[in-house]
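Hi everyone, thanks for making time for this one. Please have a look at the sequence and the structure on the screen, and then I'll talk you through them.

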Amino acid sequence: MPDSEPTLAVRVIYRIYKSFLSPVLHVFSPSQCVYLPTCSEYAYVALVRFGPVRGSWLALKRLARCHPFSKGGLDPVPERNSRAAPSVTKAEDHLP
């Protein structure tokens, strides 16, 4: 699955979250995301790039860093071949 077309389940879950759940959550917590890309975008790219196991782990680590006292800023998903500093999102990791 890594570096391939995202599965139907990943695309459906992402669409449901962005269309329904995210707006509802913003009603109760109107704060803006402190990271770029947002946590949901980060999770989507991580799942596409690394597959369900490592992608989920990276998404959970990102969610753990996301809190009101975090510094925030640019935090792209790391490249698949590198454990070094992450780079900007690749074109094939586009969001639906």
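I'll go from the overall layout to the cores, then the pockets, and end on a single residue.

First, a caution: this is a predicted model. So what does the secondary structure of the chain come to? We've got two helices and two strands, and if you read along the sequence they follow the pattern α-β-α-β. The chain has 96 residues, and 31% of them count as buried. If you take the contacts between residues at least 6 apart in sequence, 69% of those join residues at least 24 apart. As for the outside, the accessible surface comes to about 6,400 Å², and carbon and sulfur atoms account for 67% of that.

Now the inside. Which residues make up the largest nonpolar core? There are six in all: Tyr 42, Val 45, Ala 46, Phe 50, Leu 58 and Val 77. Apart from that core lies another, of five residues, and Tyr 14, Tyr 44, Leu 47 and Val 48 are among them.

On to the pockets. The largest pocket holds about 450 Å³ of space. Its lining has 17 residues, and the ones nearest the centre are His 26, Ser 31, Gln 32, Cys 33 and Cys 66. Helix H1, that's 8-28, and H2 each supply at least two residues of this lining, with H1 giving the most, five residues. By class, the lining of the largest pocket divides into eight nonpolar, eight polar and one charged.

The second largest pocket holds about 320 Å³. Here 16 residues do the lining, and Ile 13, Ser 40, Ala 43, Tyr 44 and Leu 47 lie nearest the centre. H1 and H2 each supply at least two residues again, but for the second largest pocket the largest share comes from H2, with eleven residues. This lining has 13 nonpolar, two polar and one charged residues. You may recognise Tyr 44 and Leu 47, which I listed a moment ago in the core of five residues.

Last stop, His 67. Where is the place of His 67? In the loop between helix H2, 39-65, and strand S2, 73-74. Why does His 67 count as partly exposed? Because its relative accessible area is 35%, and partly exposed runs between the 20% and 50% cut-offs. His 67 and Val 34 are 33 residues apart along the chain, and their C-alpha atoms are separated by 8.5 Å.

That's my tour, and I'm happy to go back to any part of it.

Technical notes
Residues numbered from 1 in each chain as written. Predicted model: local features only at pLDDT ≥ 70, side-chain atom pairs only at ≥ 80, totals over all residues. Heavy atoms only, no water. Helix = DSSP H or I, 4+ residues; strand = E, 2+ residues; numbered from the N terminus. Buried < 20%, exposed > 50% of the residue type's maximum accessible area, 1.4 Å probe, protein only. Contact = heavy atoms within 4.5 Å. Areas by Shrake-Rupley, 256 points an atom, 1.4 Å probe, with all protein chains shown as cover. Core = buried A, V, L, I, M, F, W, Y, C linked by side-chain atoms within 4.5 Å. 1 Å grid on protein atoms, 1.4 Å probe; cavity = no way out; pocket = protein on both sides within 12 Å on 5 of 7 lines; lining within 4 Å. Points joined across faces, edges and corners; volume = space filled by probe spheres on them. Nonpolar A, V, L, I, M, F, W, Y, C, P; charged D, E, K, R; others polar.
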